[in-house]
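Visitor: I am new to this structure. Please show me how to read its features, one at a time.

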Amino acid sequence: MNKGLLITGGIFLLIVLIFVGSYNGIIRMDENINSSWAQVENQLKRRADLIPNLVETAKGYAKHEEEVFTNLANARAGVMNAKTPGEHLVAEQQMNSALAGLRVVVEAYPELKANELFSNLQTELAGTENRIATERMRYNENVQTYNSKIRRFPTNIFASMLGFEAREYFQITEAEKEVPKVQF
């Protein structure tokens, strides 16, 4: 009888250990999913904060350069279209003013950087989208691991008794499948 009690106690202890191990494993996986989703939200917030600022910076700088080059092109056209000495004088003054503006920009910015800013903007956009995609992928991997765990025997018994349910994979809506548009 003592031997039977020992075997029964051993089986009971084994069941308890399996139950505790399964429960702790499910909790760990559930927390991994929560952490993964927080990272997705973190990257979405980063995008929401970063992209408009980058776009405005690039727009502002490009607009400044655009003004300088537009003024220079207009002054040049004025010089080319001038017919009388008075028109030439006015056109040359406009040209000198435009060249002075260009000199100020060139002195302040030895390399006009609009192309670099736009290149940086494109790099940041691509990098941000890649970060978001990576975090979504990690989230889905954690959901897959969790869902597989709670569906396998004998964990499925404990999971259903404790109210653990399958988690949803990240999926995008039809509207989100549209390519985002950046406007300048």
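Guide: Start with aromatic rings. Rings of Phe, Tyr and Trp pair if their centres lie within 6.5 Å. This is a predicted model.

Visitor: Which residues form one aromatic cluster?

Guide: Trp37, Tyr139 and Phe170 do. The count of aromatic pairs comes to four. Take one of them: Trp37 and Phe170 sit 5.7 Å apart, centre to centre, with 35 degrees between their planes. That pair is tilted.

Visitor: What parts of the chain does the pair link?

Guide: Distant ones. Trp37 belongs to helix 1, while Phe170 belongs to the segment after helix 4. The two are 133 residues apart.

Visitor: Are Trp37 and Phe170 buried or exposed?

Guide: Read the relative accessible area. Buried means under 20%, and exposed means over 50%. Phe170 has 18%, so Phe170 is buried. Trp37 has 28%, so Trp37 is partly exposed.

Visitor: How much of the chain is buried?

Guide: Buried residues are 22% of the 184 in the protein chain. The chain exposes about 13200 Å². Carbon and sulfur atoms supply 57% of that area.

Visitor: How many helices and strands are there?

Guide: Count the elements, then read their order. The protein chain has four helices and zero strands. Along the sequence the pattern is α-α-α-α.

Visitor: What do contacts add to that picture?

Guide: Look at how far apart the partners are in sequence. Take contacts between residues at least 6 apart: 79% of them join residues at least 24 apart.

Visitor: Show me one residue and its contacts. What does Asn147 touch?

Guide: Find its element, then its partners. Asn147 lies in helix 3, residues 114-151. Leaving out residues up to four places away in sequence, Asn147 touches Ala166, Arg167 and Tyr169. Its relative accessible area is 8%, so Asn147 is buried.

Visitor: Now the surface. Which residues make the nonpolar patch?

Guide: Look for exposed nonpolar side chains that can be joined. Here Tyr23, Ile27, Phe153, Ile157, Met161 and Leu162 make a nonpolar surface patch of about 590 Å². Helix 1 (2-81) and helix 4 (155-161) are the elements that give two or more residues to the patch.

Visitor: Where does Phe153 lie?

Guide: In the loop between helix 3 and helix 4. Phe153 counts as exposed because its relative accessibility is 66%.

Technical notes:
Residues numbered from 1 in each chain as written. Predicted model: local features only at pLDDT ≥ 70, side-chain atom pairs only at ≥ 80, totals over all residues. Heavy atoms only, no water. Buried < 20%, exposed > 50% of the residue type's maximum accessible area, 1.4 Å probe, protein only. Contact = heavy atoms within 4.5 Å. Areas by Shrake-Rupley, 256 points an atom, 1.4 Å probe, with all protein chains shown as cover. Patch = residues over 30% accessible without salt bridge, like charges linked within 9 Å, V, L, I, M, F, W, Y side chains within 5 Å. Salt bridge = Lys/Arg side-chain N within 4 Å of Asp/Glu carboxyl O. Phe/Tyr/Trp six-rings, centres within 6.5 Å; stacked < 30°, edge-to-face > 60°.
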